Amino acid sequence: MDAAGCRFEPASDNSLRLVGELSFASLSGGGPVLPELSGPTEVSLADLERVDSAGVAQLIEWRAEAQARNADLLYTCVPEQLKQMISAFGIEALFVSSAD
């Protein structure tokens, strides 16, 4: 695991997976940088070990950054714990679960 606690890994064409812990502690050192995107890109969240509210904020920031680059970031395989958090925050529209 890198110093940031999580990382993006390529999964297939126009598809990434986010691996590790996405939390205040793991992001305090800066966190991973969103890779270059070409068009719509799916990011699987299935391999996230832990996510807290700082991690949710980072997911929203990455989506905004992608849109600023004229790309679309689509989160998939959202873990149950994260689904509960985004439901409580009322931001379900930012997340899609294509493989539960």
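This short talk goes through the cysteines, the nonpolar core and the salt bridges of the structure above.

What we have is a predicted model, in which local features need pLDDT of at least 70 and side-chain atom pairs count only at pLDDT 80 or more, while totals for chains, interfaces and linings use all residues. Residues are numbered from 1 along each chain as its sequence is written, and side-chain values use heavy atoms, with hydrogens and water left out.

Let me begin with the cysteines. A search of the whole structure finds zero disulfides, a disulfide being a pair of cysteine sulfur atoms within 2.5 Å. Why does Cys6 have no such bond? Because its closest cysteine sulfur, in Cys77, is 17 Å away, which is too far. Cys6 is buried at 0% relative accessibility, and Cys77 is buried at 18%, where buried means under 20% relative accessible area, exposed over 50%, and partly exposed in between, with a 1.4 Å probe and protein chains only.

Next, the core. The largest nonpolar core (buried Ala, Val, Leu, Ile, Met, Phe, Trp, Tyr and Cys residues joined through side-chain atoms within 4.5 Å) has 25 residues, of which Leu18, Leu22, Leu45, Leu59 and Trp62 touch the most other members. Its largest share, four residues, comes from α2, with helices taken as DSSP runs of H or I of at least four residues, and strands as E runs of at least two, numbered from the N terminus.

Finally, there are six salt bridges, each a side-chain nitrogen of Lys or Arg within 4 Å of a carboxyl oxygen of Asp or Glu. Arg17, in strand β2, pairs with Asp47 at 2.3 Å, N to O, and these two residues are 30 apart in the chain. Together with Arg7 and Glu9, they are linked in a network of salt bridges.
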